[in-house]
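Grab your viewer and try these short exercises before peeking at the worked solutions.

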Amino acid sequence: MRNSKPLLRSGPVAAAAALALGLAGPAAAAGISVSTTGSTVSVSTSACTQVNGHWGTASLLSSGQTSFSQGRQVALSGSGSGQSAAWSNVGPGTYTVIVVCANGTTAGTQSVVVSTAPSPSASPTASPSRGVMGGIGGGSTDYGTVTLVAGSTLVGMGIAATAWYLRRRSTPRHF
């Protein structure tokens, strides 16, 4: 017989933990919005209030950095409806953005991946003008009807000559 009491006892605890994580997760992620454009990382929020003329500070942490003070810090600028900060010349990699408001509360934390953008070439590459020159004939040249008929005639004559040679060879010779 199976005993289901331990499962019942852990059920409410697990449900409460999942509910707490579910409520805390979206609230922290909803506080900031992070985006990348090329080598520029931007963050925006509307969670901070102005204290003594300052909105707060945002910090960009690379993979080896673990605390807010180790990252590249930028002061938030904006208005009561929204604040933002940006970092330029950010190398490729995975970063963490943390926003701390002027009153000391954390508005949010979010990871972002910066990838290298292909650099535009100085001059466009010219496409080949001769086409594919492999297999039967050229890939882009129209030779016309006369050339097509002459080629077909040569192929036909070659097939006829081969058939004649093989037939002649298969007949026995009498001396």
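Below are three exercises on this predicted model, each with its solution.

**Exercise 1. Lay out the fold: how many helices and strands are there, and in which pattern do they come?**

Step 1: count the elements, and you get two helices and eight strands.
Step 2: walk along the sequence, which gives α-β-β-β-β-β-β-β-β-α.
Step 3: check the contacts with a separation of 6 or more; 51% of them join residues 24 or more positions apart.
Step 4: turn to burial and surface. Of the 175 residues, 16% count as buried, and the protein exposes about 12,900 Å², with 60% of that supplied by carbon and sulfur atoms.

**Exercise 2. Find the largest nonpolar core and say which strand gives the most to it.**

Step 1: the core has 19 residues, and Val41, Val43, Trp87, Val97 and Val99 have the most contacts inside it.
Step 2: list the elements giving two or more residues: strands 1, 2, 3, 6, 7 and 8.
Step 3: strand 7 (93–101) comes out on top, with four residues.
Step 4: zoom in on Val43. Beyond its neighbours within four places in sequence, its contacts include Ile32, Val34, Ala58, Trp87, Val97 and Val99.

**Exercise 3. Is Ser59 buried or exposed, and what does its side chain reach?**

Step 1: place Ser59 in strand 3.
Step 2: Ser59 counts as buried because its relative accessibility is 0%, and the cut-off is under 20%.
Step 3: follow the side chain of Ser59 to the backbone oxygen of Phe68, at 2.8 Å.
Step 4: look around Ser59, leaving out neighbours within four places in sequence; among its contacts are Phe68, Gly71, Arg72, Trp87 and Val97.

Terms used:
Residues are numbered from 1 along each chain as its sequence is written. This is a predicted model: local features need pLDDT of at least 70, side-chain atom pairs count only at pLDDT 80 or more; totals for chains, interfaces and linings use all residues. Side-chain values use heavy atoms; hydrogens and water are left out. A nonpolar core is a set of buried Ala, Val, Leu, Ile, Met, Phe, Trp, Tyr and Cys residues joined through side-chain atoms within 4.5 Å. Buried means under 20% relative accessible area, exposed over 50%, partly exposed in between (1.4 Å probe, protein chains only). Contact means heavy atoms within 4.5 Å. A polar contact is a pair of N or O atoms within 3.5 Å; within protein, one must be able to donate a hydrogen and the other to accept it, and residues adjacent in sequence count only if both atoms are side-chain atoms. Accessible areas come from the Shrake-Rupley method with a 1.4 Å probe; for residues, only the protein chains shown count as cover.
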